[in-house]
Amino acid sequence: MKDIVKVGLIGFGTVGAGVAKIMCGQQKPHLRGRAFCLDLIKIADLDITTDRGVDVPEGALTTRIEDILDDPEIDIIIELIGGYEPARQITLTAFEKGKSVVTANKALVAKHGSELFRAATRANVSYMFEASVCGGIPLLRGIFDGLNANIIESIHGILNGTTNYILTGMMRDGLEYNDVLARAQELGFAEADPTSDISGSDALNKIVILARLAFGASLDIDKVHCEGIENVTIQDINYARELGYTIKLLAIARRNDDGRIEARVHPTFVPSDSVMASVEDEFNAVEIIGDAVGSEIFYGKGAGMMPTASAVVSDVMDIASRILTGAPVNVSRIIIDDNSLESLDFSELSLKYYLRFTALDRSGVLAGISKIFGDENISIESVIQKGKAEKDHVPIVIMTHEAREGDMQRAMNKFGELDTVRGKVQLIRVQKI
């Protein structure tokens with residue numbers, strides 16, 4: 001007779017239904033060869049009448065979270081309700097009651113990770129979150145277990161499938177942003193309200209979590225620079241192609257030479273012959289550079305019901321195995337941040353830049369723009385100026401040499417004061433990868 005570990009699920013949405021499909025399925029391939037069984041005995045959700053297409057044990061459904069928190073038979077709770085509250089308080093209560101927690105809640109881990117990891121440590125229970133970053137890609141385990149002999153130098157990648165699908169559609173199919181977004185929503189690659197994805201905040205949560213794992217850095221999520229793709233136009237896509245680049249929403253974290261941690265999320269020009277440029281549609285890719293192993297790339301679908309559910313159940317199995325073998329429940333995976341690490345201010349970065357101006361078609365315009373660059377110690381690498389775009393306005397595209405972000409922001413403020421420049425100047429950063 002196999003040992004049984006009993007599990008409770010809080011949140012029966014898309015991913016919750018996927019978890020139930022795996023755990024309540026007839027074959028249970030995830031348990032093949034294991035000396036234990038997982039028994040999903042309770043599922044809590046506000047809506048227990050909608051058919052999720054899953055056969056769950058009779059009497060398992062409840063609208064009361066307390067039915068799971070207060071059940072002494074349940075050792076592991078899966079939290080899939082999302083958001084900060086009540087997810088945070090549910091997690092803390094579970095710890096107090098001696099229960100381990102598995103989550104896919106990237107926002108909660110990114111914002112309140114320090115508090116939750118410490119609470120789990122005090123209670124000698126597990127808090128695991130593989131599904132919070134890149135869905136079914138075993139990225140966090142890759143860092144913890146596969147690369148634990150390395151000092152991680154940098155992490156960068158495409159962490160959001162929705163934005164990558166949109167940018168791919170613009171680049172490959174020549175579609176406008178709104179048209180690709182509508183198609184993504186029809187196909188289920190984008191939510192009805194896609195704000196979290198297209199604003200970059202989803203990728204921001206993920207890179208903050210990755211920085212904690214890779215560097216032990218506890219970053220203030222409100223201080224990490226984050227831009228989305230809302231302002232990327234088909235013009236920028238076409239100019240990028242002409243210049244030998246592809247635009248991707250990159251999330252980047254790295255340890256600089258002075259030991260400070262750099263983190264940022266923004267649209268980025270990447271070389272068209274790079275690995276990241278070849279990642280299309282809803283796929284994710286993350287490159288990790290370690291001092292011993294060099295470059296390692298993780299690739300796959302970063303979201304969706306079953307890939308994310310797969311990561312959740314994998315964490316549950318890990319905890320169950322530790323419980324039944326008497327091993328330390330999760331000491332190796334409790335990430336206590338290093339408060340001595342400093343963050344590099346975004347203004348101190350040195351990068352190359354693409355800028356697109358809409359300027360009046362008259363003499364002296366380029367000289368005025370060039371003077372501002374010179375005043376802020378920014379060197380121009382190349383200029384593209386073509387025929388009129390509309391009325392007497394012309395597009396001017398400038399690529400710079402490497403410059404400090406702070407200098408560039410001062411220049412951007414000055415460009416806004418020029419009466420020869422119309423509208424907002426488009427700025428996209430260029431990344432060597």
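The exchange below goes through some terms used for this predicted model and the values behind them.

Me: Why is N105 called buried?
Reply: Buried means under 20% relative accessible area. N105 has 5% relative accessibility, so N105 counts as buried.

Me: Where does N105 lie, and which residues does N105 touch, leaving out those up to four places away in sequence?
Reply: N105 lies in the loop between β5 (100–103) and α4 (106–123). The residues that N105 touches are E79, G82, G83, A87 and S132.

Me: A87 belongs to helix α3. What makes α3 "mostly covered"?
Reply: Helix α3 spans residues 87–96, and eight of its 10 residues are buried. These are A87, R88, I90, T91, L92, T93, A94 and F95. They pack against β1, α2 (66–69), β4, β5, α4 and β6. Just after α3, G98 takes a positive phi of about 80°.

Me: What makes helix α5 mostly covered, and what covers its buried residues?
Reply: In α5 (residues 139–146), six of the eight residues are buried, namely L139, L140, R141, G142, I143 and F144. The covering elements include β6 (127–128), β7 (152–158), α9 (201–215), β11 (283–290), β12 (294–301) and α11 (305–325).

Me: Why are β3 and β6 called edge strands?
Reply: The open sheet has six strands in the order β3-β2-β1-β4-β5-β6, with parallel pairing. Strands β3 (61–62) and β6 each pair on one side only.

Me: How do you know that β2 and β3 pair?
Reply: Two strands pair if DSSP finds at least two bridges between them. Strand β2 (residues 36–44) and β3 have two bridges, in the parallel sense, so the criterion is met. I43 stands opposite L61 in β3.

Me: Which helix lies across β2, and at what angle does that helix run to β2?
Reply: Helix α1 (residues 14–24) lies across β1 (3–10), β2 and β4 (74–79), and runs at about 145° to β2.

Me: How do you know that C24 is in no disulfide?
Reply: A disulfide needs two cysteine sulfur atoms within 2.5 Å. The cysteine sulfur nearest to that of C24 belongs to C37 and is 13 Å away. The count of disulfides comes to zero.

Me: What keeps C226 from forming a bond?
Reply: Distance: the closest cysteine sulfur, in C134, is 15 Å from the sulfur of C226, which is too far for a bond.

Me: Why is C24 called buried, and C226 partly exposed?
Reply: Buried is under 20%, exposed is over 50%, and partly exposed is in between. C24 has a relative accessible area of 16%, so C24 is buried. C226 has 28%, so C226 is partly exposed.

Me: Why is the aromatic pair of Y127 and F129 called tilted?
Reply: Ring centres must lie within 6.5 Å, and planes under 30 degrees apart count as stacked, over 60 as edge-to-face, the rest as tilted. Y127 and F129 have 6.3 Å centre to centre and 45° between the planes, so the pair is tilted. Y127 and F129 are both buried. With F95 and F117, they form one aromatic cluster.

Me: What makes the pair of F373 and F415 edge-to-face?
Reply: The centres are 5.2 Å apart, with 70° between the planes. Over 60 degrees counts as edge-to-face, so the name applies. F373 lies in helix α12 (residues 365–375) and F415 in helix α13 (residues 405–415), so the pair ties together parts 42 residues apart in sequence. F373 is buried, at 1% relative accessibility, and F415 is buried, with a relative accessible area of 1%.

Definitions and conventions: Residues are numbered from 1 along each chain as its sequence is written. This is a predicted model: local features need pLDDT of at least 70, side-chain atom pairs count only at pLDDT 80 or more; totals for chains, interfaces and linings use all residues. Side-chain values use heavy atoms; hydrogens and water are left out. Buried means under 20% relative accessible area, exposed over 50%, partly exposed in between (1.4 Å probe, protein chains only). Contact means heavy atoms within 4.5 Å. Axes are lines fitted to C-alpha atoms, for helices over the stretch in contact, and angles run from 0 to 180 degrees between N-to-C directions. Rings of Phe, Tyr and Trp (its six-membered ring) pair if their centres lie within 6.5 Å; planes under 30 degrees apart count as stacked, over 60 as edge-to-face and the rest as tilted.
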